[in-house]
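Here are some worked exercises to try with a structure viewer open. Attempt each task before you read its solution.

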Amino acid sequence: MTSRPENLSESTTPTVLISKESSNGILLAKWLTAPQNPFFAKAMVNRIWSQYFGRGIVNPIDDMHEGNAPSHPKLLESLAAQFAADGFDLKNLVRSICN
């Protein structure tokens, strides 16, 4: 664990670290939730599904890759596409799963 020097002031901190427009975290969040990124939607659908049914469509839920195929790939694709189209609205996803 490294400690931050106590004499480090905001004036010596690079602006890239404090600028909200160029934050790596914001760039990562935009990439993760981009409609072109199918992984986030599938992972969230799988995780929420597992919360209700005790097992994910891909199981284990944290092991999504080509070698670990979903039990119902069309269902996962459909729910993920709807989830992304709804702006990643968890309430609508839960409604879709439960109804």
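The exercises below move from the overall fold to single residues.

This is a predicted model, in which local features need pLDDT of at least 70 and side-chain atom pairs count only at pLDDT 80 or more, while totals for chains, interfaces and linings use all residues. Residues are numbered from 1 along each chain as its sequence is written, and side-chain values use heavy atoms, with hydrogens and water left out.

**Exercise 1. The overall fold**

Task: Find how many helices and strands the protein has, and what share of its residues count as buried.

Solution:
- Begin with the elements, where helices (H or I, at least four residues) and strands (E, at least two) are DSSP runs numbered from the N terminus. The protein has five helices and zero strands, giving the pattern α-α-α-α-α along the sequence.
- Next, take burial: buried means under 20% relative accessible area, exposed over 50%, and partly exposed in between (1.4 Å probe, protein chains only). Of the 99 residues, 20% count as buried.
- Then turn to the surface, with areas from the Shrake-Rupley method with a 1.4 Å probe, where for residues only the protein chains shown count as cover. The protein exposes about 7600 Å², and carbon and sulfur atoms supply 57% of that area.

**Exercise 2. The nonpolar core**

Task: Work out which elements give two or more residues to the largest nonpolar core.

Solution:
- Start from the rule: a nonpolar core is a set of buried Ala, Val, Leu, Ile, Met, Phe, Trp, Tyr and Cys residues joined through side-chain atoms within 4.5 Å.
- The largest such core has 13 residues, and those with the most contacts inside it are Val45, Leu79, Phe83, Leu93 and Ile97.
- Helix 3, helix 4 (73-85) and helix 5 (90-98) are the elements that give two or more residues to this core.
- Now zoom in on Val45, taking contact to mean heavy atoms within 4.5 Å. Beyond its neighbours within four places in sequence, Val45 is in contact with Leu76, Leu79, Ala80, Phe83 and Leu93.

**Exercise 3. The aromatic cluster**

Task: Which residues form one aromatic cluster, and how are their rings arranged?

Solution:
- Apply the ring rule: rings of Phe, Tyr and Trp (its six-membered ring) pair if their centres lie within 6.5 Å, and planes under 30 degrees apart count as stacked, over 60 as edge-to-face and the rest as tilted. A search of the whole structure finds three aromatic pairs.
- One of them joins Phe40 and Phe88 edge-to-face, at 5.2 Å centre to centre with 75 degrees between the planes. Phe40 lies in helix 3 and Phe88 in the loop between helix 4 and helix 5, so this pair ties together parts that are 48 residues apart in sequence.
- Phe83 and Phe88 also pair edge-to-face, at 5.3 Å and 85 degrees.
- Put together, Phe40, Phe83 and Phe88 form one aromatic cluster. Phe83 and Phe88 are buried, whereas Phe40 is partly exposed at 23% relative accessibility.
- Thr33, in the loop between helix 2 (24-32) and helix 3, touches Phe40 and Phe88, not counting residues up to four places away in sequence.

**Exercise 4. The salt bridges**

Task: Locate the salt bridges and say which parts of the chain each one ties together.

Solution:
- Look for a side-chain nitrogen of Lys or Arg within 4 Å of a carboxyl oxygen of Asp or Glu. The count comes to two salt bridges.
- Glu77 and Lys42 meet at 2.6 Å, N to O. Glu77 lies in helix 4 and Lys42 in helix 3, so the pair ties together parts that are 35 residues apart in sequence.
- Arg47 bridges to Asp62, with the closest N and O atoms 2.4 Å apart. Because Arg47 lies in helix 3 and Asp62 in the loop between helix 3 and helix 4, this pair ties together parts that are 15 residues apart in sequence.
- Check the exposure too: Arg47 is partly exposed at 36% relative accessibility, while Asp62 is exposed at 63%.

**Exercise 5. Backbone exceptions**

Task: Where is the cis peptide bond, and which residue other than glycine has a positive phi?

Solution:
- Recall the background: most residues other than glycine have a negative phi, and most peptide bonds are trans.
- The bond from Asn59 to Pro60 is cis, with omega near 0 degrees. Pro60 is in the loop between helix 3 and helix 4.
- Phe88 has a positive phi, near 60 degrees; Phe88 is in the loop between helix 4 and helix 5.
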